[in-house]
Amino acid sequence: MDLSFALHPLLPSWTSVSMLLGFFAYLAIAGSVVPGKIVPGVILSDGTRLHYRCNGLLSLLLLVALLGIGVQMNFISATAIADTGLELLSSTLIFSFLVTLVLYVAGCRSRDQGSSLKPHVTGSLILDWWFGIQLNPHFMGIDLKFFFVRAGMMGWLLINLSILAKSVKDANLSQSMILYQIFCVLYILDYFFHEEYMTSTWDIIAEKLGFMLVFGDLVWIPFTFSIQGWWLLSNKVELTTAGVIANCIVFLMGYRVFRGANKQKHVFKKDPKAPIWGRPPKVIGGKLLASGYWGIARHCNYLGDLLVALSFSLPCGIISPVPYFYPIYLLILLIWRERRDEARCAEKYREVWAEYCKLVPWRILPYVY
């Protein structure tokens, strides 16, 4: 009986399953009908390119408005997600396993030879399931890779808003919670405002869709990025004025580097002659940008991402390592990803990459790494 009682919150419920499916249904409909800029993706190896409807910001604002109306009319509870967090987590995890199983079977059966759907089977069940088989699988006209990353970012915001509502309901709203929420809202809104930049990221153009990306988008992003909010629900932290100012500086510095680097790369891919910081870009071998942030470090966008992640945790103080799980994990992940990127780029660009590494010796943080 005690074990059953302890495990009950970890089991999916009809409420959590309904919330999850309703969320996905809304995203599928909104993604297809809400107006948005049609952005061409990068040119694939077979000469084709996918096109993306970048309407994430409008879809998100519409969803929040609809949920707000539902709360005002007592159709739904503002704390519904916070009250069923573990049940929703287990439902999403099971859904991720089921989706990747379907993707694996569909990929193995595919006979399509186009770059987006061509199966890349290694023969290892674990590797093919983990990394995926197809580059850009679709379902009913929906690009699943783009769909899942959008779902993860929106889910993160919805979890945070529900946590905020619960802290207000419990009369536990703190300065730390407000600071954390502001940073997250700004980051997520900025992400969707610049959603078209996502179409030229490594995940979209190079990573196949397997459990690694599906789990990362649907489970890891919303449920681990919000750990600080969950922690602040039961822990109160008093920040000094200097602490608040320092936290804001870390966020702004991280945001500037992260957004600036990604924007420079996106603009360069669309127009290789576009000025960088007011000067003509320096290009290695006609392929690799070595100006702006990309002339400082080869993966400088990762540095910005790490600083932003750190700013999400700093409002929690230093009394516990729990709120720092996200930036610590992200540091390990990005170093691992950077190593994989380096290996792929060395194989793809060969002597051009060697020349770029010689010109830009630092990987992420200049003079350190």
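Here are a few questions and answers about helix 14, its partner helix 10, and F251.

This is a predicted model, where local features need pLDDT of at least 70, side-chain atom pairs count only at pLDDT 80 or more, and totals for chains, interfaces and linings use all residues. Residues are numbered from 1 along each chain as its sequence is written, and side-chain values use heavy atoms, leaving out hydrogens and water.

Me: How far apart are the end C-alpha atoms of helix 14?
Reply: Helices here are DSSP runs of H or I, at least four residues, numbered from the N terminus. Helix 14 covers residues 325–349, so at 1.5 Å a residue (times one less than the number of residues) its 25 residues should span 36 Å. The model agrees, with the ends separated by 35 Å.

Me: Is helix 10 roughly parallel or roughly antiparallel to helix 14?
Reply: Helix 10 (residues 211–224) packs on helix 14 at about 155°, with the axes 12 Å apart. Axes are lines fitted to C-alpha atoms over the stretch in contact, and angles run from 0 to 180 degrees between N-to-C directions. Under 35 degrees counts as roughly parallel, over 145 as roughly antiparallel, 65 to 115 as roughly perpendicular and the rest as oblique. That makes the pair roughly antiparallel.

Me: Is F251 buried or exposed?
Reply: F251 sits in helix 12 (residues 241–270). Buried means under 20% relative accessible area, exposed over 50%, and partly exposed in between, using a 1.4 Å probe and protein chains only. At 5% relative accessibility, F251 counts as buried.

How values were computed: Helices (H or I, at least four residues) and strands (E, at least two) are DSSP runs, numbered from the N terminus.
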